[in-house]
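Here are my notes on the model you asked me to look over, arranged as numbered points. They begin with the charged side chains and go on to the cores, the aromatic pair and the cysteines.

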Amino acid sequence: MVSVVKDKAELDMRISSAVKKIVILDFFANWCGPCKVCAPKLNVLADQYSEHVMILKVNVDENEDIAEDFNITSMPTFILIKEGEVLDTIIGANMDKLKKSMDKHIAENEVDGAAADEEVSIEEDPQQQQNSPILYGGQGEIESQDHEKN
């Protein structure tokens, strides 16, 4: 689903609520021809990637402060964000480039998520914890309990 943000407060709230999703900001203007051509294609992408992305449209004429914050000089401009960090910026009506960027960052997001899941599962498995090596950060040597005394 594609949503139009009304102001900076709403944008900030939506970005912060997009846990584990990539936020795509679509900076547009009602008078922008290429923006009108991209709109239906963006809706299709929103449906296809609904579990991975949140797409927010920002009207630059109604939200000049947001456009200024993101240094928007051309429309359309698409900005991909994850956890408040800008991942990519695509200037112009290049929907293929946008889709490739989405695919790339979604794949990276899934790898990051899988790595985090693996770390959690290791910590939760008591058998794994018993077989973990002991880390020693002090000075000197650690003697094995199996070590025979002379």
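1. A polar contact is taken here as a pair of N or O atoms within 3.5 Å, where, within protein, one atom must be able to donate a hydrogen and the other to accept it. Please keep in mind throughout that this is a predicted model. With that cut-off, the side chains of K57 and D26 are joined by a polar contact of 2.7 Å.

2. Where do the two partners of this contact lie, and are they buried or exposed? K57 is found in strand β3, whereas D26 has its place in strand β2. K57 has a relative accessibility of 11% and therefore counts as buried, the limit being under 20%. D26, with a relative accessible area of 3%, is buried as well.

3. The surroundings of K57 deserve a separate look, since the charged end of K57 also sits over the ring of F28, at 4.4 Å from the ring centre. If residues up to four places away in sequence are not counted, K57 touches V2, S3, V4, V5, D26, F28, A39 and L42. For one of these, A39, which is 18 residues from K57 along the chain, the C-alpha atoms of the two residues are separated by 9.6 Å. D26, with neighbours within four places in sequence left aside, is in contact with L42, L56, K57, V58, P76, T77 and F78.

4. A second polar contact of 2.7 Å joins the side chains of D61 and W31. D61 is found in the loop between β3 and α3, and with a relative accessible area of 43% it is partly exposed. Leaving aside neighbours within four places in sequence, D61 is in contact with A29 and W31. The C-alpha atoms of D61 and F28, which are 33 residues apart along the chain, are separated by 8.5 Å.

5. For the chain as a whole, the secondary structure comes to five helices and five strands, and the elements run β-α-β-α-β-α-β-β-α-α from the N terminus on. Of the 150 residues, 33% count as buried. Among the contacts with a separation of 6 or more, 69% are accounted for by residues 24 or more positions apart.

6. Which residues have the most contacts inside the largest nonpolar core? This core has 20 residues, and those with the most contacts inside it are L11, V23, L25, F27 and L56. At least two of its residues are supplied by each of α1 (8-17), β2 (22-28), β3 (53-59), α3 (64-69) and β4 (77-82), and β2 gives the most, with four residues. Apart from this core lies another, of 16 residues, among them L42, L80, I90 and I106. To return to the largest core, L25 is in contact with L11, L56, F70, T77, F78, I79 and I81, once neighbours within four places in sequence are left aside.

7. A search of the whole structure finds one aromatic pair. The rings of F27 and F70 have their centres 5.5 Å apart and their planes at 50°, so the pair is described as tilted. The pair links distant parts of the chain, with F27 in strand β2 and F70 in the loop between α3 and β4, 43 residues apart. How do the two rings' residues stand in accessibility, buried or partly exposed? F27 has 0% relative accessibility and so counts as buried, whereas F70, with a relative accessible area of 23%, is partly exposed.

8. The count of disulfides comes to one. C32 and C35 form this disulfide, with their sulfur atoms 2.5 Å apart; since the cut-off applied is also 2.5 Å, the assignment rests on a distance given as equal to that limit. The link of C32 and C35 is right-handed, with 75° about the S-S bond, and both C32 and C35 are buried. C38 is in no disulfide, the nearest cysteine sulfur being that of C35, 6.7 Å away. C38 is nevertheless buried, with a relative accessible area of 3%.

Conventions: Residues numbered from 1 in each chain as written. Predicted model: local features only at pLDDT ≥ 70, side-chain atom pairs only at ≥ 80, totals over all residues. Heavy atoms only, no water. Buried < 20%, exposed > 50% of the residue type's maximum accessible area, 1.4 Å probe, protein only. Core = buried A, V, L, I, M, F, W, Y, C linked by side-chain atoms within 4.5 Å. Contact = heavy atoms within 4.5 Å. Phe/Tyr/Trp six-rings, centres within 6.5 Å; stacked < 30°, edge-to-face > 60°. Lys NZ or Arg CZ within 6 Å of the ring centre and 35° of its normal.
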